[in-house]
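Please walk me through this model in my viewer, one selection at a time. I work at the bench, so tell me what to click next and what I will find there.

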Amino acid sequence: MSSGFRLRNEKYLAAYVLRLAILGMDLLLALFSWFWASFLLFGFDWGPAAHFLASWPTVVVLLCRAVAFYGFRTYRVIFRYIGEKDYKTVFLAVSVSSLVIFILYWLLFPDKHGYRGLAIVFVDYFFLLALLGGQRIAMRLVYDRLKEQRQRVSGKPTVIFGAGELGTMLERVLAHNTQHDYRVVAFFDDNPMLHRKQLNGIPIFSPDRSFDRVMKKYGVQTVIMGVRELSAERRVAFIDRCLNNNLHVLKPPPTELWLNGALQVGQLSQVNLEDLLSRPPIRLDDAVLAGAIAGKVVLVTGCAGSIGSEIVRQLLRHRPARVLGVDQAETPLAEIALSLRAEVAAGLFTPLLADVRDGERMNRLFAIHQPAWVFHAAAYKHVPIMELAPEEAVRANVQGTRVVADLAVAYRAEKFVMVSTDKAVNPANVMGASKRIAEMYVQALNFAGNHHTQFITTRFGNVLGSNGSVIPIFREQIERRRPVTITHPDIKRYFMTISEACRLVLEAGAIGLGGEIFVFDMGEQVRILDLAHRMIQLAGLVPGRDIEIQFTGLRPGEKLYEELLDNKENLAETHHPKIFRARVRPCRLDDIRLDIDTLISAAANGTNDLDLVQYMKNLVPEFRSHNSAYSSLDK
């Protein structure tokens with residue numbers, strides 16, 4: 001404790017000595033300015049000038065300057081941050097003290113040297129402003145020069161892509177902050193009018209024509225994305241080029257996340273897979289959802305999963321009366337409750353431990369809380385696991401959906417929004433087939449016409465970073481420096497972000513009138529091998545050299561390609577260019593209900609897997625098993 005106390009005292013003493021030195025230097029400059037103003041106005045005649053300097057006006061001037069410098073705290077400058085406010089402080093201190101000196105000189109020495117003394121005060125004012133301003137500029141230049149020398153030794157050569165407002169701000173932040181090791185050596189910008197020019201002394205180049213030359217000349221190690229408006233294709237192409245050259249690519253956070261309205265170096269983060277999606281992010285109308293959801297009780301099943309938890313968070317932004325979160329997994333439910341403890345305390349979010357397959361428990365929850373909207377995200381979704389346990393797929397995905405959907409009707413909920421999957425299209429596995437059967441039931445229930453609940457289904461592809469995604473698996477393998485395992489070199493998947501997926505679900509709930517299956521234009525499918533390459537490169541490693549890639553063979557029930565629909569002719573446009581409505585064959589409620597009763601009974605009674613899956617294939621004729629023990633049933 002004594003050593004810490006002593007260290008603090010030493011730092012305080014050093015700061016005090018530095019401020020005293022700056023104040024002393026300012027007073028010396030004030031005396032020097034007064035001397036030169038006197039010498040100038042006495043015609044460079046040393047005798048009268050020396051006599052004037054040795055008189056009382058000089059003492060008055062120094063006293064006024066000292067009081068002004070102390071009062072305006074001109075000595076409290078930090079060399080690396082010297083800027084506009086410091087110059088303003090100097091201007092005010094010199095202006096106020098000069099005005100006081102002028103008045104005192106007029107009152108105390110009206111006859112001494114006539115108007116020449118007043119002229120000296122006037123000339124001294126401009127001399128001193130120039131001297132103090134120049135002194136601070138010189139201090140800043142010296143500091144920058146010393147920092148530049150240090151960075152030349154240890155700083156990583158860095159290029160900023162974008163020489164506009166954001167790029168300029170990034171360069172300024174890096175220049176003013178010493179707690180980093182980035183040394184900006186060049187700018188890239190797509191605007192040809194800026195090429196071969198300089199920004200703060202840093203050259204600007206074309207990223208297309210000069211990329212390789214700049215990399216070689218400066219030995220660039222890091223690139224920072226410093227442009228706000230950039231097409232998805234251009235962003236992906238540039239980042240890919242950087243990654244292929246083993247460059248570390250960083251990005252600033254969105255403006256609304258800046259700390260106290262200012263960007264901090266520590267907020268720079270590595271680009272992620274979302275930045276490498278080769279399509280623009282979906283834009284939805286939040287106002288529509290806000291108007292529909294405000295003041296209502298909303299139930300979210302599977303609320304502790306990656307999709308369900310994001311739905312909960314997005315719902316809470318639109319001011320519902322309360323969000324009820326149902327999940328049967330205790331620990332994840334506790335985690336989301338902890339992360340939303342403020343909302344729990346305010347009564348805006350209520351975590352409920354329950355299993356959607358338990359009809360009695362779910363009935364009590366509906367009776368107590370009377371939800372107006374239901375978002376059904378609870379499901380089993382891991383394809384290989386469901387191939388091994390088809391009875392559990394039936395119980396969770398089919399029976400669970402039926403329980404919640406029937407209760408939505410019984411308790412007169414306004415909306416029921418089901419989260420489905422692209423694997424329900426021409427299913428190749430048990431999981432996809434179980435989700436398709438659930439889709440068929442909620443659609444049939446919607447068109448039965450004896451209730452006012454609107455049933456809506458959303459169908460999308462893989463979600464980056466979700467619990468069922470390959471991303472967490474790849475990330476763990478890369479972190480452990482183990483080979484990245486891919487089932488097949490040609491396997492492809494659609495991808496979207498968790499945020500996009502959940503916004504699609506919410507938008508569907510707002511615009512749906514009942515009976516629709518909404519699908520999202522997800523662009524082109526992404527090859528998983530390319531995804532693995534990018535993840536390895538994002539980690540600063542080289543595929544094939546630092547991390548091997550191994551092909552393990554397709555898993556049971558796995559397709560090479562996923563489908564959102566069997567063909568484009570079955571898509572109808574909606575109000576949004578990226579959201580479509582699927583046209584699928586309708587089912588009669590009585591028929592599908594009887595079939596599902598039989599299926600659920602078979603699963604509950606321990607029917608062998610082959611017979612159970614055969615019954616699912618009877619319900620979904622397009623269900624063709626891929627690389628599975630159930631493929632024999634298709635023959």
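Here is a tour that goes from the whole chain to single residues.

**Start with the whole chain**

Keep in mind that this is a predicted model. Show everything as a cartoon: the protein has 21 helices and 22 strands. Its chain runs to 635 residues, and 50% of them count as buried. Now think about how the chain folds back on itself. Among contacts with a separation of 6 or more, 76% join residues 24 or more positions apart.

**Select the largest nonpolar core**

Next, bring up the side chains of Met362, Val394, Phe416, Ile437, Ile592, Leu599 and Met616. These belong to the largest nonpolar core, which has 50 residues, and they touch the most other members. Colour helix 16 (residues 430–447) as well, since the largest share of this core, 10 residues, comes from there. Before you move on, look for a second, separate core of 40 residues, which includes Phe188, Leu531, Leu541 and Ile549. As background, nonpolar side chains tend to be buried together in soluble globular proteins.

**Zoom in on Ile437 and Leu599**

Stay with the largest core and click Ile437, which is found in helix 16. Is Ile437 buried or exposed? Ile437 has a relative accessible area of 0%, so it is buried. Leaving out residues up to four places away in sequence, Ile437 touches Val398, Ile596, Leu599, Met616, Leu619 and Val620. Try a distance label between the C-alpha atoms of Ile437 and Leu619: they are 182 residues apart along the chain, yet separated by 7.4 Å.

Now centre on Leu599. Which residues does Leu599 contact beyond its neighbours within four places in sequence? They are Val394, Val398, Ile437, Leu612, Tyr615, Met616 and Leu619.

**Follow helix 15**

Select residues 390–410 to pick out helix 15, which has 21 residues. From its first C-alpha to its last, helix 15 reaches 29 Å, close to the 30 Å expected at 1.5 Å a residue. Where is helix 15 kinked? The kink is centred on Gln399 and is about 30°. Turn the surroundings on and you will find that helix 15 is largely enclosed by the rest of the structure, because 15 of its 21 residues are buried. Just beyond, helix 15 is followed by Arg412, whose phi is positive, near 55°.

**Collect two more positive phi angles**

As background for this stop, most residues other than glycine have a negative phi. Jump to Arg73, in the loop between helix 3 (56–71) and helix 4 (84–108). Arg73 is not a glycine, but its phi is positive, about 55°. With 34% relative accessibility, Arg73 counts as partly exposed.

Then select Asn426, in the loop between strand 12 (415–421) and helix 16. Here too phi has a positive value in a residue other than glycine, near 45°. Asn426 is partly exposed, with a relative accessible area of 24%.

**Step back to Thr421**

From Asn426, go to Thr421 in strand 12. Thr421 has a relative accessible area of 12%; buried means under 20%, so Thr421 is buried. Draw a distance from the Thr421 side chain to the backbone nitrogen of Lys423, and you will find 3.1 Å. To see what surrounds Thr421, show Met431, Lys435, Glu439, Thr458, Arg459 and Phe460, which Thr421 touches when residues up to four places away in sequence are not counted.

**Visit a buried arginine**

Now look up Arg493, placed in strand 16 (residues 492–493). Arg493 is buried, with a relative accessible area of 7%. What does the side chain of Arg493 reach at 3.3 Å? The partner is the backbone oxygen of Leu560. Add Asp422 to the view: its C-alpha atom and that of Arg493 are separated by 9.9 Å, with the two positions 71 residues apart along the chain counted as their separation.

**Finish with the cysteines**

For the last stop, select Cys242 and Cys303. Cys242 counts as buried at 0% relative accessibility, and Cys303 is buried too, with a relative accessible area of 0%. How many disulfides does the model have? The count comes to 0 disulfides.

Key: Residues are numbered from 1 along each chain as its sequence is written. This is a predicted model: local features need pLDDT of at least 70, side-chain atom pairs count only at pLDDT 80 or more; totals for chains, interfaces and linings use all residues. Side-chain values use heavy atoms; hydrogens and water are left out. A nonpolar core is a set of buried Ala, Val, Leu, Ile, Met, Phe, Trp, Tyr and Cys residues joined through side-chain atoms within 4.5 Å. Buried means under 20% relative accessible area, exposed over 50%, partly exposed in between (1.4 Å probe, protein chains only). Helices (H or I, at least four residues) and strands (E, at least two) are DSSP runs, numbered from the N terminus. Contact means heavy atoms within 4.5 Å. A polar contact is a pair of N or O atoms within 3.5 Å; within protein, one must be able to donate a hydrogen and the other to accept it, and residues adjacent in sequence count only if both atoms are side-chain atoms. The expected span of a helix is 1.5 Å times one less than its number of residues. The bend at a residue is the angle between axes fitted to the seven residues ending there and the seven starting there. A disulfide is a pair of cysteine sulfur atoms within 2.5 Å.
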